[in-house]
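I sat down today to look up two things in this model, its nonpolar packing and its charged pairs. My entries follow in the order in which I made them.

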Amino acid sequence: MPVFRLHTWQGEERIHLAVVACGDRLEETMTMLKSAVLFSAGKLTFHIFAEDSLQPQFEHGIKAWPFSHRSKVEYRIYPITFSVGNPQEWKKLFKPCAAQRLFLPMILKDVDSLLYVDTDVLFLRPVDDVWNLLKLFNSTQLAAMAPEHEIPKIGWYSRFARHPFYGAAGVNSGVMLMNLTRIRNKVFKNSMIPTGLKWDELLYPLYHKYKNYITWGDQDLLNIIFHYNPECLYVFPCQWNYRPDHCMYGSNCRGAEDQGVSVLHGNRGVYHDNKQPAFKAVYEALRDFPFEDNLFQSLYFPLQSSFMKTVHTLCGRLPQVFLKQIEQTMRKVYEKRVLRTG
């Protein structure tokens, strides 16, 4: 298993961030990692699961970052592996390789807690703030996700799902906090075996039982698991996993309106087409930002002017929803630098 490292820190808590990338997701994933390192306060460990052809490109991309940012990061690159069942079935479950996330508790045996994100996620505030949600878990909670929809009667799961799902509207797994130690130790209730099953025993029988009924692959399997084990899930609000669904039919994420978007999730391919220009504007601004430039001059002000072109769209009509957290975060980063150099 290829493993590459840059820096290690002894006795210091690190934020562990995992992502799974296959196909044409290199640029998107590197932009996500860039958003994480740009604004983070603490040390980061990236766990990058990638197809063989992408692995050297990830290594080259991270090594090209300036030392001031690279020095905050340790990274490890892993091949795509499925430890139970048929690897080809898992690989084709939804998007290529997406089911890899289900196997992270078994692969990352030495990691206690983990933040998993899809490749199309962008951090608009320090990753540390998302990581701190782990401290809000009670004694039975072992994972955290946001609702799939804020309004159950128009949500996908409540209208179309042919399998059990969590709560009234299901949950979205694009941003998922996991206490891996608790997941590995837990015996999960399920509809197959009355005595319950450990995580590594549960996945393949669950897939076989529901494979003809699931649409969203591994996310559906997670919904089924937490339907039967609702006490295990901490549900965080929509601003931590803000998607086009939160604005394309009118604004329905109150937390983002009040506090701004914390984590942007550009699913439906919106970073790469013209259907949601507000999402695309944030993605391109972060992708194109030169690391060592002034954050306000080279990131915030161009982003602000890009948003002026999106105010005619439903998602762009409230620019502050997208800009509030990123502006606050930049001010903090800027103040720290001024204090350091003053």
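These notes begin with the nonpolar cores and then turn to the salt bridges.

Entry 1, cores. I kept in mind throughout that the model is predicted. The largest nonpolar core that I found holds 73 residues, and those with the most contacts inside it are F46, L115, F123, Y242, L264 and F322. I then listed the neighbours of L264, leaving out residues up to four places away in sequence, and found that L264 touches D120, V121, L122, L124, Y242, Y271, F279, V282 and F322. Apart from the largest core lies another, of 42 residues, which includes F103, L197, Y210 and L221.

Entry 2, salt bridges. My search of the whole structure returned 16 salt bridges. I looked first at E74 and R76, whose side chains meet at 2.9 Å, N to O, and I noted that both residues are buried. Following this pair further, I found E74 and R76 linked with R14 and D110 in a network of salt bridges.

Entry 3, pairs with partly exposed residues. I recorded a salt bridge between D288 and R287, with the closest N and O atoms 2.8 Å apart. D288 counts as partly exposed because its relative accessibility is 49%, and R287 likewise counts as partly exposed, at 30%. I also recorded a salt bridge between R331 and E327, at 2.9 Å, N to O; both residues lie in helix 14 (residues 319–341), 4 residues apart, which is about one turn of the helix. For R331 I noted a relative accessible area of 42%, so this residue is partly exposed.

Definitions and conventions
Residues numbered from 1 in each chain as written. Predicted model: local features only at pLDDT ≥ 70, side-chain atom pairs only at ≥ 80, totals over all residues. Heavy atoms only, no water. Core = buried A, V, L, I, M, F, W, Y, C linked by side-chain atoms within 4.5 Å. Buried < 20%, exposed > 50% of the residue type's maximum accessible area, 1.4 Å probe, protein only. Contact = heavy atoms within 4.5 Å. Salt bridge = Lys/Arg side-chain N within 4 Å of Asp/Glu carboxyl O. Helix = DSSP H or I, 4+ residues; strand = E, 2+ residues; numbered from the N terminus.
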